[in-house]
Amino acid sequence: MKLRTYAGYNEMCRATAEIILNQVKLKPDSLICLTSGDTPAGIYKLLVQYQKEKKVDFSQCYFVGLDEWVGMDKNDAGSCTNFLYESFFTPAKIASSRMMVFDAKAADLDASCRTMDAFINEKGPLAIMLVGIGMNGHLGLNEPGADFNSYAHHSPLAPITIEVGQKYFQQETKLTEGITLGLKHLQEAQIPMLLASGKKKATIVAKALQGEVTNKVPASIFQTLGNGYAMMDEDAASGLVD
Ligand code: PGA
């Protein structure tokens, strides 16, 4: 894993957007996994701007959404899919035939997982897979204890994820289960990218990148990913020791 530290959030976003741009120039029909959350917002803003300026064309790319709260879809304000539409899919004019997001309202969630895995198998390999890091080291909704060998799956949320997840919603929202791409997808991605910003992430980033590699801290898998990038601002990286 290559650790890249930038002075601030904006610099981190610019560098990440550059890597995505270069990938799309190299292979216009790349399959890219997009994460939601506060951290990637600035990256998507830049990508949309770059496309407007004709520096890049996403029209031939394929996209998947990393995860979703079970029971929600793109019409639920605060859902992962809603965020991806608002911040990227809609302003970047991505055709629905070129994207796959989890059907997290389905009665049969296992079938939703199989649909996602099949899309990735058909359009893949994943060229770039963006993931944020949760306060407990989760990646997507791969919570502590997640199997390193899993593809798409659904599982109960950790209490801290339920608590922190409230920040995405206007009113208190019942969150119980998550549906997510798996850690095996990350291992198979050509460029897995971990994004972290802010002082509040410093402790978990240090634990993930310099502590024991264990599924108790899913983000520690990045230590094993030779082709991976950890994209940090200085605040998020401030707990790392040289
Ligand atoms: P955040 O979420 O970007 O809103 O901090 C990260 C995550 O939980 O994956």
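## Aromatic cluster and ring pairs

In this predicted model, ring pairs join seven residues into a cluster, namely Tyr44, Phe58, Phe63, Phe83, Tyr85, Phe88 and Phe89. The count of aromatic pairs comes to 11. A pair of aromatic rings is described by the distance of the centres and the angle of the planes. One of these pairs is formed by Tyr62 and Phe119, whose ring centres are 6.3 Å apart and whose planes stand at 75° to each other, an edge-to-face arrangement. The pair links distant parts of the chain: Tyr62 belongs to strand 3 (residues 62-65) and Phe119 to helix 4 (residues 109-123), with the two positions 57 residues apart. Tyr62 and Phe119 are both buried.

A further aromatic pair consists of Trp69 and Tyr168, with 6.4 Å from centre to centre and 45° between the planes. Why is this pair described as tilted? An angle of 45° is neither under 30 degrees, as stacked rings require, nor over 60, as edge-to-face rings require, and the pair therefore counts as tilted. Trp69 lies in strand 4 (residues 67-69), whereas Tyr168 lies in the loop between helix 5 (159-165) and strand 8 (177-180), and the two residues are 99 apart along the chain. Trp69 has a relative accessible area of 5% and is buried, while Tyr168, at 31%, is partly exposed.

## A charge over a ring

An aromatic ring also takes part in a contact with a charged residue. Lys2 lies over the face of Tyr229, at a distance of 5.0 Å from the ring centre.

## The ligand and its surroundings

Which residues are around the ligand? They are Gly37, Asp38, Thr39, Gly132, Ile133, Gly134, His138, Lys167, Tyr168 and Lys201. Tyr168 is thus placed around the ligand and is also a partner of Trp69 in the tilted ring pair.

Three of the listed residues are described here by their contacts with oxygen atoms of the ligand. For Asp38, a backbone N or O atom lies 2.8 Å from a ligand oxygen atom. For His138, an N or O atom of the side chain is 2.7 Å from an oxygen atom of the ligand. For Tyr168, the corresponding distance from a side-chain N or O atom to a ligand oxygen atom is 2.6 Å. Of the 280 Å² of accessible area that the ligand has on its own, the protein covers 89%.

Asp38 is situated in the loop between strand 2 (31-34) and helix 2. Its relative accessible area is 46%, and Asp38 is partly exposed. The C-alpha atoms of Asp38 and Ala146 are separated by 23 Å, and the two residues are 108 apart along the chain.

## The annotated domain

For residues 11-223, UniProt lists "domain: Glucosamine/galactosamine-6-phosphate isomerase" in an unreviewed entry. In the model, this span is 35% helix and 16% strand, and its end C-alpha atoms lie 23 Å apart.

## Backbone geometry

Most residues other than glycine have a negative phi, and most peptide bonds are trans. Against this background, a cis peptide bond joins Gly124 and Pro125, with omega at about 10°. Pro125 lies in the loop between helix 4 and strand 6 (126-132).

Lys54 is not a glycine, yet has a positive phi of about 65°. Lys54 occupies the loop between helix 2 (41-52) and strand 3 and is exposed, with a relative accessible area of 75%. Lys93 likewise has a positive phi, of about 55°, although it is not a glycine. The loop that holds Lys93 runs between helix 3 (80-89) and strand 5 (99-100). Lys93 is exposed, at 71% relative accessibility.

## Ser197 and Thr115

Is Ser197 buried or exposed? Ser197 is buried because its relative accessible area is 15%, and buried means under 20%. Ser197 is located in the loop between strand 9 (191-196) and helix 7 (202-210). The side chains of Ser197 and Asp233 are joined by a polar contact of 2.7 Å.

Thr115 is part of helix 4 and is partly exposed, with a relative accessible area of 42%. From C-alpha to C-alpha, Thr115 and Val101 are 9.5 Å apart in space, and they are 14 residues apart in sequence.

Definitions and conventions. Residues are numbered from 1 along each chain as its sequence is written. This is a predicted model: local features need pLDDT of at least 70, side-chain atom pairs count only at pLDDT 80 or more; totals for chains, interfaces and linings use all residues. Side-chain values use heavy atoms; hydrogens and water are left out. Rings of Phe, Tyr and Trp (its six-membered ring) pair if their centres lie within 6.5 Å; planes under 30 degrees apart count as stacked, over 60 as edge-to-face and the rest as tilted. Helices (H or I, at least four residues) and strands (E, at least two) are DSSP runs, numbered from the N terminus. Buried means under 20% relative accessible area, exposed over 50%, partly exposed in between (1.4 Å probe, protein chains only). A charge sits over a ring if NZ of Lys or CZ of Arg is within 6 Å of the ring centre and within 35 degrees of the ring normal. A residue is near a molecule or strand if one of its heavy atoms lies within 4 Å of it. A polar contact is a pair of N or O atoms within 3.5 Å; within protein, one must be able to donate a hydrogen and the other to accept it, and residues adjacent in sequence count only if both atoms are side-chain atoms. Accessible areas come from the Shrake-Rupley method with a 1.4 Å probe; for residues, only the protein chains shown count as cover. UniProt positions are given in the numbering used here, feature names are shortened, and annotations may be inferred rather than shown by experiment.
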